[in-house]
Amino acid sequence: MPLHHLEHFLIQPQNLEDTAAWWCDVLGLEDGPHPDFGFPVKWLYIGDRDVVHMTTGGPNLSDARKNFRWQQSEAVYGSGVVDHVAFRCTGLEVMLKHLQKKSVDFQKRQVNDQGLFQLFLLDPNGVKVELNFDADEVTEVDPELLNENLIMVQGAGK
């Protein structure tokens, strides 16, 4: 019974529309079809695969949401018990320019023993997102990025 891939994860922000818009605008996911659960949801897609599910969180949930299977948390900020969600990516240089253009703060890290170059950023609700690029892509990026160790980069090129 091996696991094959990440199916999806669920975020329960207070502002469903703004959070979904951020994931689409900053990370390029697309809003797509979803079942009718009797409460507001968004399913965001990479290609034809739904990977991020969202529904409104907080203490003032509808009865339909409260009764949904094993609803436990009323948290609307931070990663909670989930430290981060990770995506394998390509196009490091393009992503760096895109994040700077969008004024999104991020951290970067070279992980030599895994052959990865990583970017870490937070969505509007404080959920940590990890973007993993093959270390071979670093040759396309300015060399000063190789010398930094988890340095916070301010958006817009700071």
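In what follows, a residue is called buried when its relative accessible area is under 20%. With that in hand, welcome to this predicted model. The chain has three helices and nine strands, and from the N terminus on its elements run β-α-β-β-β-α-β-α-β-β-β-β. In helix α3, the buried residues are Leu92, Met95, Leu96 and Leu99, and they are a good place to start.

**Helix α3 and its two faces**

- Leu92, Met95, Leu96 and Leu99 cover an arc of only 100° around the axis, so they sit on the same side of α3.
- An α-helix has 3.6 residues a turn, so residues three or four places apart point the same way.
- The cover over the buried residues of α3 includes α1, β6, β7 and β8.
- Turn to the face of α3 that points away from the buried side, and you meet the exposed residues Val94, Lys97 and Lys101.
- Glu93 also lies in helix α3, and it counts as partly exposed because its relative accessibility is 30%, between the 20% and 50% cut-offs.
- Glu93 has a distant partner in sequence: Glu137 is 44 residues away along the chain, yet the two C-alpha atoms are 7.9 Å apart in space.
- Just after α3, Ser103 takes a positive phi of about 60°.

**The nonpolar core**

- The largest nonpolar core has 30 residues, and those with the most contacts inside it are Trp23, Leu27, Val52, Phe87, Leu119, Leu121 and Leu131.
- At least two residues of this core come from each of β1 (9-11), α1 (16-27), β4, β5 (85-89), α3 (92-101), β7 (116-122) and β8 (128-134).
- Helix α1 gives the largest share of this core, with six residues.
- As background, nonpolar side chains tend to be buried together in soluble globular proteins.

**Trp23 and the aromatic residues**

- Which residues does Trp23 touch, leaving aside its neighbours within four places in sequence? Its contacts are Phe9, Ile11, Gly28, Leu29, Leu44, Val52, Met54, Val85, Phe87, Asp123 and Val129.
- Four aromatic pairs turn up in a search of the whole structure.
- In the pair of Trp23 and Phe87, the ring centres are 6.5 Å apart and the planes stand at 65°, so the pair is edge-to-face.
- This pair links distant parts of the chain, with Trp23 in helix α1 and Phe87 in strand β5, 64 residues apart.
- Both Trp23 and Phe87 are buried.
- Phe9, Trp22, Trp23 and Phe87 form one aromatic cluster.

**Strand β7 and its neighbours**

- Is β7 enclosed or open to the outside? Six of its seven residues are buried, so β7 is largely enclosed by the rest of the structure.
- On one side, five bridges join β7 to strand β6 (residues 106-111), and the two strands run antiparallel.
- Across that pairing, Lys108 stands opposite Leu119 in β7, and Val111 stands opposite Leu116 in β7.
- Four residues lie between the strands in the hairpin of β6 and β7, where Gly115 takes a positive phi near 65°.
- Strand β7 also pairs with β8: seven bridges join the two, which run antiparallel.
- Leu116 has Asp134 as its bridge partner in β8.
- The hairpin of β7 and β8 has five residues between the strands, and Gly126 takes a positive phi near 80° there.

**An exposed proline**

- Pro59 is found in the loop between β4 (49-55) and α2 (63-66).
- With a relative accessible area of 53%, Pro59 passes the cut-off of over 50% and so counts as exposed.
- Pro59 and Glu74 are 15 residues apart along the chain, and their C-alpha atoms are separated by 5.4 Å.

**The chain as a whole**

- Buried residues make up 39% of the 158 residues in the chain.
- Among contacts with a separation of 6 or more, 59% join residues 24 or more positions apart.
- The accessible surface of the chain comes to about 9900 Å², and carbon and sulfur atoms account for 51% of it.

Terms used: Residues are numbered from 1 along each chain as its sequence is written. This is a predicted model: local features need pLDDT of at least 70, side-chain atom pairs count only at pLDDT 80 or more; totals for chains, interfaces and linings use all residues. Side-chain values use heavy atoms; hydrogens and water are left out. Buried means under 20% relative accessible area, exposed over 50%, partly exposed in between (1.4 Å probe, protein chains only). A nonpolar core is a set of buried Ala, Val, Leu, Ile, Met, Phe, Trp, Tyr and Cys residues joined through side-chain atoms within 4.5 Å. Contact means heavy atoms within 4.5 Å. Rings of Phe, Tyr and Trp (its six-membered ring) pair if their centres lie within 6.5 Å; planes under 30 degrees apart count as stacked, over 60 as edge-to-face and the rest as tilted. Accessible areas come from the Shrake-Rupley method with a 1.4 Å probe; for residues, only the protein chains shown count as cover. Two strands pair if DSSP finds at least two bridges between them. The arc is that of the directions from the helix axis to the C-beta atoms.
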